[in-house]
There are 2 protein chains.
Amino acid sequence: MKAAGELGYRPNALAQGLISRRTHLVAVIMSSLTMLHYPEVLAELSHRLTERDLRMLLFSLEAESDVDGVLEQVWRHSVDGVICAAHLTDSQVEQFIAHRVPLVLYNRLSGRAPATSVACDSVAGQRELVERLLAAGHRRFAVVAGPADSYVGEERRRAALARLGEAGIATVPERRGDFSYASGGEAMIALMAEAKQLDAVVCVNDLMAIGAIDAARERFGLRIPDDLSVVGFDGTDPAGWNSYRLCSIRQPVRRMTQAAVDMLLERVEDARIPPERRLFSGQFMEGQSARLA
Amino acid sequence: MKAAGELGYRPNALAQGLISRRTHLVAVIMSSLTMLHYPEVLAELSHRLTERDLRMLLFSLEAESDVDGVLEQVWRHSVDGVICAAHLTDSQVEQFIAHRVPLVLYNRLSGRAPATSVACDSVAGQRELVERLLAAGHRRFAVVAGPADSYVGEERRRAALARLGEAGIATVPERRGDFSYASGGEAMIALMAEAKQLDAVVCVNDLMAIGAIDAARERFGLRIPDDLSVVGFDGTDPAGWNSYRLCSIRQPVRRMTQAAVDMLLERVEDARIPPERRLFSGQFMEGQSARLA
DNA sequence: CTGTTAGCGCATTCAG
DNA sequence: CTGAATGCGCTAACAG
């Protein structure tokens, strides 16, 4: 043992993994890495994994259709588990059970197939945002939604529309973006063309809200929040920049990633632990992009 | 073979790697994942690696001192090669040679120990920025530098000061930040306190430039670029946002990551290929944050 | 060309 | 408690 250390011996992780059936590898699957909120998630995940003596095998998807290719690699590398922040079909979720690879879904729930997941409560967060806007007297709303196939995007959109419906506001102009800055601006411009007058624009993520604000200011000379309120979602760094001071819901990324890693590791150590869903509340950030009184 | 495919057989990557000595694993080492420029690099790297049938083992550093721990893991996992965007000491670079693991440095050069690297030409880029500012008549400059131990940060800082020196401008107030938005704002405030009057602030990255602009506007009511010119470096997404339209140098991330992967793979396939340095020119982005005429 | 065997570097078992 | 044998799943070299 001492001689080993002295001459710089390192156990070979491949051989160890091959025989012990524990590779200390966790695959992380993410859709769009550049989507502003994900870098923070990734950084936190990386640290939480390292703390637990796990290594991260990162897969990012150019198109959602690449998932099968990624899963192929995942099986071959006999990872200890997978954290997935991309859309999985029921059949894909079932493959994890078949391959006996523990899975934790990040910020999304599974469909029919039950799976362990950790998520930020989009519904509660989105309702709170709308609620506050309503309380401040806003009546003419518009929504900038995400792609129809985005889980969180749709959840937030529906939550916003539902809460507006409860307040008797049934017709709400909508536009879909792709979560990007540019699409937020385009949505804003389209909405302004459609609706003569707007009080508040609800965007399902911060980046589109930022794009919307920039477009509202530049194209229409609107003052935020005096002429128009804009709210976002996620609580990313740029949301806090002076130029925006976005009213948003901050996801507790630290605790969520911690939970994801903990839940995954539990199931690595005991595969019989049943699926579990953990929902975290987001924190309301008042900012200055919405008139709230 | 057909029966194999039918019953869903997958070759075990561990066993393959153990015997063939090719794991198709590439370790990517990055310092601060949240540093705005890196998510883009990471996304590109991921795609370029996937194209070449390689998987990414991602290590992010909380502190630069973690490097040794990371390298330990790297050796154990017998990766095919490493792409490193974090600071390495000469002794660490030499360990790669000893372990016969090909290494490509990203946006940094090695010290004494020769290593393959790909980088964006900071000196040329920074000189171009300063040059244009000088040509437009700016004389009273300030510099917002990065941490003293950052390779690119120092390179850009020295390039800016050198070019200013050539123009006969010897005394330039300086502040160091940590590349973050907040530190850019703080540096701006400190510089305004020190210098009575400023024409241009040269920031060594976009994020600090954005922070500086926000602080200049909010704390001092300055109009950019009428009252003050601010330039950044990197050409990240937020630099292009309407609120900033930063004058900056865009790094050709796509080509740089492509080159990094290509150069690495060459050396995986033939370990005798000698070290090589590839320097890419950044592209000047005029933006609207600097008065250039 | 198909079928067998050795061994990659370990952990785990068993005998001594 | 120390030491030798077995096999994880594969590839490569070998024999039939």
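Start at DNA strand D and select helix H2 of chain B: H2(B) gives the most to the surface near this strand, with five residues. Keep in mind that this is a predicted model.

**Stop 1: DNA strand D**

Now show every residue around strand D. From chain B, pick Pro11(B), Asn12(B), Ala15(B), Gln16(B), Leu18(B), Ile19(B) and Ser20(B). From chain A, add Leu18(A) and Ile19(A). Colour the two H2 helices, residues 13–20 in chain A and 13–20 in chain B; each supplies at least two residues of the surface near DNA strand D. Then colour by class. You should find six nonpolar, three polar and no charged residues near strand D.

**Stop 2: DNA strand C**

Move to the other strand. Which residues are around DNA strand C? From chain A, select Pro11(A), Asn12(A), Ala15(A), Gln16(A), Leu18(A), Ile19(A) and Ser20(A). Chain B adds Leu18(B) and Ile19(B). H2 of chain A and H2 of chain B are the elements that give two or more residues to this surface. Here H2(A) has the largest share, five residues. The class count near strand C reads six nonpolar, three polar and no charged residues.

**Stop 3: the two chains together**

Hide the DNA and superpose chain B on chain A. The operation is a rotation of 180° with 0.0 Å of shift along its axis, and the RMSD is 0.0 Å. The two copies are thus related as by a two-fold rotation axis. To find that axis, centre on Leu57(B). Of the residues of chain B, Leu57(B) comes closest to the axis, its C-alpha at 2.3 Å.

Stay here and select strand E2, residues 55–60, in chain A, together with E2(B). The two strands run antiparallel and are joined by three bridges. Label Leu58(A): it stands opposite Met56(B) in E2(B).

**Stop 4: the chain interface**

Widen the selection to the whole contact. It puts 37 residues of chain B against 36 residues of chain A. On chain B, five elements each supply at least two residues: H2, helix H3 (38–51), strand E2 (55–60), helix H4 (67–76) and helix H9 (206–220). Which of the elements holds the largest share of the side of chain B that touches chain A? Select H3(B), which gives six residues. By class, the chain B side has 17 nonpolar, twelve polar and eight charged residues. Of the interface residues of chain B, 97% are also interface residues in chain A, so the copies meet through the same surface.

**Stop 5: chain A alone**

Isolate chain A. Its C-alpha atoms fill a box of roughly 75 × 45 × 30 Å along the principal axes. Switch to cartoon for ten helices and twelve strands. Of the 293 residues of chain A, 52% count as buried. Take contacts in chain A between residues at least 6 apart in sequence: 70% of these join residues at least 24 apart.

Colour by domain next. Domain 1 covers 2–120 + 252–281, and domain 2 covers 122–251. Their C-alpha centres lie 32 Å apart. The contact takes twelve residues from domain 1 and 14 residues from domain 2. On the domain 1 side, six are nonpolar, four polar and two charged.

**Stop 6: strand E8 of chain B**

Switch to chain B and select strand E8, residues 200–203. Are its residues buried or exposed? Both faces are covered: Ala200(B) and Val202(B) on one side, Val201(B) and Cys203(B) on the other, are all buried.

Add the strands that pair with E8(B). Strand E6, residues 141–145, runs parallel to E8(B) and is joined by four bridges. Strand E9, residues 229–231, also pairs with E8(B) in the parallel sense, over three bridges. Centre on Val201(B). Ala142(B) is its bridge partner from E6(B), and Val230(B) is its partner in E9(B).

**Stop 7: Gly177(B)**

Finish at Gly177(B), in the loop between strand E7 (174–176) and helix H8 (181–194) of chain B. Gly177(B) counts as buried because 26 C-beta neighbours lie inside 10 Å. Show its contacts beyond four places in sequence: Val144(B), Gly146(B), Ser183(B), Gly184(B), Glu186(B), Ala187(B) and Met208(B). Last, draw a distance to Pro147(B). The two residues are 30 apart along the chain, and their C-alpha atoms are separated by 6.2 Å.

Technical notes
Residues are numbered from 1 along each chain as its sequence is written. Chains are lettered from A and ligands numbered from 1 in the order in which they are written. This is a predicted model: local features need pLDDT of at least 70, side-chain atom pairs count only at pLDDT 80 or more; totals for chains, interfaces and linings use all residues. A residue is near a molecule or strand if its C-beta atom, placed from the backbone, lies within 6 Å of it. Ala, Val, Leu, Ile, Met, Phe, Trp, Tyr, Cys and Pro count as nonpolar, Asp, Glu, Lys and Arg as charged, and the others, Gly among them, as polar. Domain bounds come from an automatic or database domain assignment. Two residues are in contact if their C-beta atoms, placed from the backbone, lie within 7 Å. Two strands pair if DSSP finds at least two bridges between them. Copies are superposed by least squares on the C-alpha atoms of residues with pLDDT of at least 70 in both. A residue is buried if 20 or more other C-beta atoms lie within 10 Å of its own, exposed if 12 or fewer, and partly exposed in between; C-beta atoms are placed from the backbone.
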